[in-house]
Amino acid sequence: MTELEILQAYWWLLIAVLGSALVFLLFVQGGQSMLWQARTQTERQLMVNSLGRKWELTFTTLVVFGGAFFASFPLFYSTSFGGAYWLWMLILVSFVVQAVSYEYRRKSGNVYGTRVYDSLLMFNGLFGCVMLGVAVAMMFFGAEFTVAKGNILDGSNPVISRWAPTHGLEAMADWRNLLLGVAVFFLARAQAAMYFVNNICGDGAFATRMRRAAGVNGAVFALLFVAFLLVLMFASGLRQGADGIFVAEQNIYLHNLLGMWWAAVLLLAGVVMALYGIFRTAFDRRWRAGIWFGGTGTALVVMVLFFLAGYRSTAYYPSVLDAQSSLSIANSSSSLFTLKVMSWVSVLVPFVLAYIAYVWRKMNAHPLTPSELHREHHQY
């Protein structure tokens, strides 16, 4: 491998790590989608305060994930974020209303009451998870765009990447994309249930319902994810040859998985850990560490999905309109000089992860209980 290829593979690894951290932290959105299940106002306030301690971590990771793509694979950034803007704007709006809701939900002078903001949190919990899953699925099943770098000289429309008029909305009509999106939604709910069991003290009716919710949502997620994996393993894709030409290949992701034995091991380990965390939480009334097993397993599985999409010269963003417009880590990355410079900046990634771990530990120093609600420094 050349130095440029090594740096491209390294940056794709960082993208995979940040993407896996983002999906793990979507338990916040999963928990927001469960607010309607609270049976009392105290339960709902406990859930909101528990999630309110962590929502900024999800937002921070989402921003860093986008920034890493901008630095390392700018052609993808401009193609996806600049072309499929309706999809990404809808995702952004759902996260903006989340931030507004946590800020103003219980602020003095709130003329809307808490129910309006709770509804917005639930909207973000459902829509944010599903649409992020749809956006990731486009990396396997493609999107309606073309890329022509010569367009930059077109004075009337100097846009390298051009999309179908729907600008990303068409992705929502592909059942395969929705399959992953709905699977991510139920995964986030299962993780949220495990998080509540871990973060909110008590072995009463609330904890019992959350354990049941972990099992039910985990079972639905498992069925949907197995269905997605079967569809993915037998899907066709594009592989870039040494001449830069993309060639269609049947069962490309199955071939990638078999060609990277270590990825297959990580996938198996991740699935086992995630299911262990979910179902032991559901059936062991004394066990509260499910979020760590489930979260670690989720991170491993998501990393493997990124590996399957980008490594082995695979088109990680296929074009369904023009195969040769597809993006791979080879043809969409920054220059060798930029990747070298940014590799020094990448030493900040461990600090981002350490920041998440530190904030998590500080905020979890005192698990929430109903009697301590009034002692919270800030109630969301």
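Lys340 is partly exposed, with 36% relative accessible area. In this predicted model, Lys340 forms a salt bridge with Glu3, and the closest N and O atoms of the two are 3.3 Å apart. Lys340 belongs to helix α13 (residues 336-345) and Glu3 to helix α1 (residues 3-25), so the pair ties together parts that lie 337 residues apart in sequence. Glu3 is likewise partly exposed, its relative accessible area being 43%.

## Salt bridges

The count of salt bridges comes to seven. Three of these pairs are listed below with the separation of their closest N and O atoms.

| Salt bridge | N to O separation |
|---|---|
| Lys340 and Glu3 | 3.3 Å |
| Asp118 and Arg105 | 2.5 Å |
| Arg239 and Glu249 | 2.7 Å |

The side chains of Arg239 and Glu249 join two strands: Arg239 is in β3 (residues 237-240) and Glu249 in β4 (residues 246-249), ten residues apart. Arg239 has a relative accessible area of 16%, and it therefore counts as buried, the cut-off for that class being under 20%.

In the pair formed by Asp118 and Arg105, both residues are buried. Asp118 is part of helix α7, whereas Arg105 sits in the loop between α6 and α7, so this salt bridge ties together parts that are 13 residues apart in sequence. Through shared salt-bridge partners, Arg44, Arg105 and Asp118 are joined into one network.

## Nonpolar cores

In soluble globular proteins, nonpolar side chains tend to be buried together. Here the largest nonpolar core has 74 residues. The members with the most contacts inside this core are Trp12, Phe69, Phe73, Phe228, Tyr316 and Tyr317. Helix α7 (residues 113-141) supplies the largest share of the core, eleven residues. A second, separate core has 34 residues, including Val28, Leu51, Leu121 and Met194.

What does Tyr316 touch, if residues up to four places away in sequence are not counted? Its aromatic and other nonpolar partners include Trp12, Phe69, Phe73, Phe76, Met139, Leu327 and Ile329. Tyr316 also touches Ala309, Gly310, Ser328 and Ser332.

## Helix α7 and its end

Helix α7 has 29 residues. From its first C-alpha to its last, α7 reaches 42 Å, close to the 42 Å expected at 1.5 Å a residue. Just after α7, Gly142 takes a positive phi of about 90 degrees.

## A surface patch and a buried lysine

A nonpolar patch on the surface is formed by Tyr85, Trp86, Met89, Leu90, Leu92, Val96, Val100, Tyr104 and Leu169. Together these residues have about 760 Å² of accessible area. Trp86, one of the patch residues, is placed in helix α6 (residues 85-104). With a relative accessibility of 44%, Trp86 counts as partly exposed.

Is Lys54 buried or exposed? At 0% relative accessibility, Lys54 counts as buried. Lys54 is found in the loop between α3 (41-52) and α4 (55-72). Leaving aside neighbours within four places in sequence, Lys54 is in contact with Phe27, Val28, Tyr195, Asn199, Trp360, Met363 and Asn364. One of these contacts, Val28, is included in the second core.

How values were computed:
Residues are numbered from 1 along each chain as its sequence is written. This is a predicted model: local features need pLDDT of at least 70, side-chain atom pairs count only at pLDDT 80 or more; totals for chains, interfaces and linings use all residues. Side-chain values use heavy atoms; hydrogens and water are left out. A nonpolar core is a set of buried Ala, Val, Leu, Ile, Met, Phe, Trp, Tyr and Cys residues joined through side-chain atoms within 4.5 Å. Buried means under 20% relative accessible area, exposed over 50%, partly exposed in between (1.4 Å probe, protein chains only). Helices (H or I, at least four residues) and strands (E, at least two) are DSSP runs, numbered from the N terminus. Contact means heavy atoms within 4.5 Å. Patches are made of residues with over 30% relative accessible area and no salt bridge: like charges are joined within 9 Å, nonpolar side chains (Val, Leu, Ile, Met, Phe, Trp, Tyr) within 5 Å. Accessible areas come from the Shrake-Rupley method with a 1.4 Å probe; for residues, only the protein chains shown count as cover. A salt bridge is a side-chain nitrogen of Lys or Arg within 4 Å of a carboxyl oxygen of Asp or Glu. The expected span of a helix is 1.5 Å times one less than its number of residues.
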